[in-house]
Every structure is written in C-alpha cells, then in structure tokens.
Amino acid sequence: MKFKIGDKVKFLNESGGGIVSEIVSPSMVKVAVEDGFDIPYMTHDLVLVESSGYAEGMFNENFKVEPKSVLKTEETGLENIAIPSKSIKHAKEEAGIYLAVVPHDQKWLITGDVDVYLLNHTAYDILYSLFLKSDERKFEGYDYSSVEPESSVLLDTFSREAFEAWKEGLIQVLYHKDEVQQVLLPVHTNFKIRQNKLNNENSYQYTSLVDSKAYVITLNELSQQQKANTFLGKDDDIKEQKATEKKEKTLIDQHQTLPKIAEVDLHIAELVENISGMDTRDMFALQKKYFKDCLDSAIVNNYKKVTFIHGVGNGRLKNAIIETLKQYEDVENQSASIAKYGVGAIDVLIKPWK
C-alpha cells in the first residue's frame, strides 16, 4: 500500500498509531507520534485509517500530531519531501553509480531482511528513474527522485521471500552539475539480482560505499561514461547520427556492463538452470568452454576488458583460465578489484588489433 504525508495510520504489531510525516522510500515512511518523535516504519507494518473504515474503529485515541518534516509552500500548497541520504564521500571504490544489497545481519549474511541502496559516488547531482520487471513482457515504474553528490538513498527493504520483485530491473540516470565543461550523456542500465547470489555468503564483500558487507552491482563507472559532443555551445562538434543495421547480439554483448567492457560470471549456476545429471568433470568442462567462447567473442568484437568471476573454491578454474590465456598473444591479465569481487575474479585486458 502506498501512503502519503498526512495519512492517519495504525501500527499492526503494537498499540497506537500516528500521522505519516515523511516518505523515506517506497517501503518505508516516518510516522509522527504524540510524544513528538518521527519514527521510521515499514509500510507493511502499518494500516491506513480511512474515514468510517474498519481500521478507524481500532483507534481509541484522537491523535494530535503536527508532523515537523512536512514543509508547505504558500504558492502551491505542495509538500516538499527531503529524501534522506548518507554520505559516501570517502569511499575508495571508483567513481560511479552503484546498487548495493546490504544484509541487516552482518554476521549471518544469508539470513534476515536486506536493504537496497542506490549509491551516487560522483561529484554530480543525479536524477534517476527506476523500473522493475513485473513479468516477461513489461517493466513497471518503481521510484524516481534525485541523489546528491557522494550520497546514498535507501530504495527498499525486503525479506528473502519477497525477493522476486527485485530480480530484474533497469535504471536511467541523468548527471547534472552547475558548472561543467563537458556534459555527460544519460545512463540506461539493466541489472539482475539472482536468488543464488543472495544465498551465497561469498557474494557479500566489504565495501566502503556502505561501510559493511554487501552485494554490489556497478550500474555506471564515471571514467567509462560517454560525453556529449557539444562543448560550450560549439555546434560544429555535434556528430550526425546515422541509422545502423540491427544486428544479432553477440555472446559477449550479453555480458556488457559498459561500452566495450563486460563481466562474465562463470559459476555453474549462472550457466545452466539445472545441474542434475552433471558430474564435477562436466561442470568444469562447461565453465572452461564458456570462458573461452566469451574471450574469443570479446576479441573479435574489440572489447577492452572482460572480468571473469571464477569464485574461490580450490583454485582449479582460475588456474585453467590462466593457462588458457597463455595461448593468446594480445591479452594480459590482472587480479580484479578485491573491494568488489574479493579474490574470486580476474580481469582480462585485450590489446587493440593492429
């Protein structure tokens, strides 16, 4: 149920109620109570009290609450809601836009509720629009707002059982800055959160973006973001757009995260839906083949970097990857970001064709 500021609500799990004073996220609001405090509540723990409705009969009090966080403008009478944010100015990760899934229980990472944060680790203000996939054929608008530079906002809190709503989505971002020499193009990024990721402790690595263990998805790295061709109003820098033939998506394009950069997860659960009937040797052979197919596709399509997630395990797959790379002349490898992947991934850098 969606609430708005000024709604009268009853608490489901405790006595009493109050007035909605602030919208924190689609799943959380603050409720002003009679003792003068604004208390955050999950929306599923509240019942809207409608005039002459059933919930109204559950109240014994006539709440006299003045929500302090509601600001009225004389001209429009509209409410200005300040979305709370948390500073991430000192985060060590590369500047960019991230999505972080943070378990409430930092000791038992695969149990309990999780928070989903949108992280703006840039010097720009951003405007975002978030869509979640409701079925195989359509997306539904979930949230839109702005995030200040070097800040994060809580998008949702959900239980593991309610994960389905977040399994796939897309986000669009506009970068804004008062004074800038080069304008950044808008961002349009699809993302997926897989159930097996949420249920795997190795998916959660410490990150300074949220100062805790989290499963982090890179939506956009600022260093790779394309810039508009207009420079301080010089129209002669604008390139003409031409129609291009629609081509079938290549294998590596299915893993693209940024222009000419891809991320391939080689965990067997990411490659096949059902592993019944497969032994360890079959799984290992499939992982090696998929690695080589993706690498070949990346080279042919002039990719610059592919990050292969091999996991930790006994190191067998990692060693096989390194041995295979020795057969290629124009590639180099290095350990991927430990902050993002731990020790379970390798970056393959591809030299441009001569």
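Here is a short conversation about the cores and salt bridges of this predicted model.

Visitor: Which ground rules apply here?
Guide: Welcome! This is a predicted model, where local features need pLDDT of at least 70, side-chain atom pairs count only at pLDDT 80 or more, and totals for chains, interfaces and linings use all residues. Residues are numbered from 1 along each chain as its sequence is written, and side-chain values use heavy atoms, with hydrogens and water left out.

Visitor: Which element gives the most residues to the largest nonpolar core?
Guide: A nonpolar core is a set of buried Ala, Val, Leu, Ile, Met, Phe, Trp, Tyr and Cys residues joined through side-chain atoms within 4.5 Å; buried means under 20% relative accessible area, exposed over 50%, and partly exposed in between (1.4 Å probe, protein chains only). Of the 31 residues in the largest one, L118, Y128, L155, W166, F191 and I193 touch the most other members. The elements giving two or more residues to this core include β10 (114-121), β11 (125-133) and β13 (151-158), strands being DSSP runs of E with at least two residues and helices runs of H or I with at least four, numbered from the N terminus. The top contributor, with four residues, is β11.

Visitor: Which residues does W166 touch?
Guide: Contact means heavy atoms within 4.5 Å. Leaving out residues up to four places away in sequence, W166 touches V116, L130, L132, Y142, L155, D156, F158, F191 and I193.

Visitor: How many residues does the other core have?
Guide: This core lies apart from the largest one. Among its members are L266, V306, F308 and A320, and its size is 22 residues.

Visitor: How many salt bridges does a search of the whole structure find?
Guide: Side chains of opposite charge can pair when their charged atoms come close. A salt bridge here is a side-chain nitrogen of Lys or Arg within 4 Å of a carboxyl oxygen of Asp or Glu. The search finds 11.

Visitor: How many residues apart in sequence are E263 and K340?
Guide: These two form a salt bridge, with the closest N and O atoms 3.8 Å apart. E263 counts as partly exposed at 27% relative accessibility, and K340 is partly exposed at 24%. Because E263 lies in strand β19 and K340 in helix α5, the pair ties together parts whose separation in sequence is 77 residues.

Visitor: Is K289, the salt-bridge partner of D293, buried or exposed?
Guide: The closest N and O atoms of D293 and K289 are 2.8 Å apart. Both residues lie in helix α3 (residues 280-300), four residues apart, about one turn of the helix. D293 is partly exposed at 30%, whereas K289, with a relative accessible area of 52%, is exposed.
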